[in-house]
Every structure is written in structure tokens, then in C-alpha cells.
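These are my notebook entries on one protein model. I wrote down what I looked up, one topic at a time.

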Amino acid sequence: MKIENYTLEGKMLPIFTYPEPVLTQVAKPVEVFDSKLETLVRDMLYTMYHAPGIGLAAPQIGESLRLFVVDVDYDRDEVELKNGETEMEFSNLNPMVFINPVFTKKTGSTVFKEGCLSVPEVYEEVTRSELVTVEYQDLKGNKLTLEADELLSICLQHENDHLDGIVFIDRLSPLKKKFFKTKLIKEKKRI
Ligand code: CO
């Protein structure tokens, strides 16, 4: 659900990249809905907007918890300040948080070229369901339902995969999957 009265405050969290173990684990349900959870969500949104990305799941910042944030609507522009420096200006923010999400309906099929903050520099077409219905909880623990299509539907499915220890390259053909995984592991060893 949309977070009301959102202000872009928070801190940048480190983004974990494949093959960090937290990205391949099944995350645990969120059980405590407190101010610590609110801070985590605020920092995850801040990190998502500045990365930048349109979705960020808790395992991507090293927290093995079933929650993710999403915004498929916002714009981000670099503006020049009077002193010659530049800064990022955000508009049309539509921050959403999904806690303990479960898909209750998935229909149709659609193909979209996806990328992921945890899988740098890989962009590949993935087949997903076209329409989804998701049941989830908000920051207060209230149970809600949302039907989604288009980019939001794709994004929800991509982020939910992170909660099950699945990265989008797992959804590619066995040959492509092996190619990218080997490449990413090699690149990681180099640093
Ligand atoms: Co991702």
C-alpha cells in the first residue's frame, strides 16, 4: 500500500550482490510491527530511490525478512545548483511497502527485460505472470489485498522472488543461468 505523508529521509544501506548467501536463502516472516520496522522500511526506500531502482527486497540489504518496497511511478532528475554542483531531484513519489506478501492469483503471461540491483550489469528478458493478486500486511500489520498489472505486477513478482532466495537469472534458460552465475562469481572473486 502507498505510504502516506512520505518524506525522502533515511540512510543509504549497503546493497548485497549475488552470490551473497542472504540472496539465496528463504527469508523469515516479519512478526514484529514496531518503530524498528518503520526505520528499516524508510531506509530501504531511501536506498531504492538513490540506487536507483524500482524495487528493493530486505534480503538485498542483508535482512532475511519477508518484505520489500516498490515504486514504479517516480521520476528522478539531476539538477544543477547555483554553486555549479548537481543534486538529484525526485518527483511523483509513490512509495509502497509489502510485508509478508502471498500471491493468491496469477494469470496470463508477459515478457519484460529485467535488471536487479543485486545482479549488476545483467539485463535479460524474463517471462512472468501478467496479472497478480497479492495479499500482504502494511507497517501496522493490517492485512490488505492488491491486484496489479503491467510494470507493478512484474516488479512485485521480481521482489517476491528475492524473499524465496531466487534472483531473476534463476528464471532464465539453464544455459543462460549457468553463464551469468559463473560470470558473476568470477567477477566477485576479482575484487
Ligand atoms: Co532484484
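**Entry 1: Asp138.** I began with a single residue in this predicted model. I found Asp138 in the loop between β8 (131-137) and β9 (143-148). I then asked which side chain of opposite charge is nearest to Asp138. It is Lys140, 7.8 Å away. Asp138 is buried yet has no salt bridge. I noted that a salt bridge needs a side-chain nitrogen of Lys or Arg within 4 Å of a carboxyl oxygen of Asp or Glu, so a distance of 7.8 Å does not qualify. I also looked at what the side chain of Asp138 does reach, and found the backbone nitrogen of Lys140 at 2.9 Å.

**Entry 2: Asp43.** I looked up another Asp. Asp43 sits in helix α1, which covers residues 35-50. Asp43 is also buried without a salt bridge. For Asp43, the nearest side chain of opposite charge is Arg42, at 4.4 Å. The cut-off for a salt bridge is 4 Å, so this pair is not counted as one. Setting aside neighbours within four places in sequence, I listed the contacts of Asp43 as Gly10, Lys11 and Leu13.

**Entry 3: the cobalt ion.** Which residues coordinate the cobalt ion? I found Cys116 through SG, His158 through NE2 and His162 through NE2, at distances of 2.1 to 2.2 Å. I wrote the sequence spacing of these donor residues as C-x41-H-x3-H. Cys116 belongs to strand β6 (residues 110-116) and His162 to helix α2 (residues 150-163), so this pair ties together parts that are 46 residues apart in sequence. I checked whether Cys116 and His162 are buried or exposed. Both are buried.

**Entry 4: Leu156.** I stayed with helix α2, where Leu156 also lies. Its relative accessibility is 0%, so Leu156 counts as buried. Not counting residues up to four places away in sequence, Leu156 touches Phe68, Val70, Phe98, Phe103, Val132, Val134, Leu146 and Ala148. I also took a C-alpha to C-alpha distance: Leu156 and Asp170 are 16 Å apart in space and 14 residues apart in sequence.

**Entry 5: Thr86.** I moved on to strand β4 (residues 86-91), which contains Thr86. Is Thr86 buried, exposed or partly exposed? Its relative accessible area is 46%, so I put Thr86 down as partly exposed. Leaving out neighbours within four places in sequence, Thr86 is in contact with Glu78, Val79 and Glu80. Between Thr86 and Gly10 there are 20 Å in space, C-alpha to C-alpha, and they are 76 residues apart in sequence.

**Entry 6: the chain as a whole.** I ended with the overall values. How many helices and strands does the protein chain have? There are three helices and nine strands. From the N terminus on, I read their order as α-β-β-β-β-β-β-β-β-β-α-α. The C-alpha atoms fill a box of roughly 50 × 45 × 30 Å along the principal axes. For 191 residues, a compact globule would have a radius of gyration near 16 Å, and the 17 Å of the protein chain agrees with that. Of the 191 residues, 42% count as buried. Lastly, I looked at contacts with a separation of 6 or more, and 67% of them are between residues 24 or more positions apart.

Key
Residues numbered from 1 in each chain as written. Predicted model: local features only at pLDDT ≥ 70, side-chain atom pairs only at ≥ 80, totals over all residues. Heavy atoms only, no water. Helix = DSSP H or I, 4+ residues; strand = E, 2+ residues; numbered from the N terminus. Buried < 20%, exposed > 50% of the residue type's maximum accessible area, 1.4 Å probe, protein only. Lys, Arg positive; Asp, Glu negative; His and termini not counted. Polar contact = N/O pair within 3.5 Å; in protein donor to acceptor, adjacent residues only side chain to side chain. Donors = N, O, S within 2.8 Å, 3.2 Å for Na, K, Ca; no water. Rg over C-alpha atoms; globule rule 2.2 N^0.38 Å. Contact = heavy atoms within 4.5 Å.
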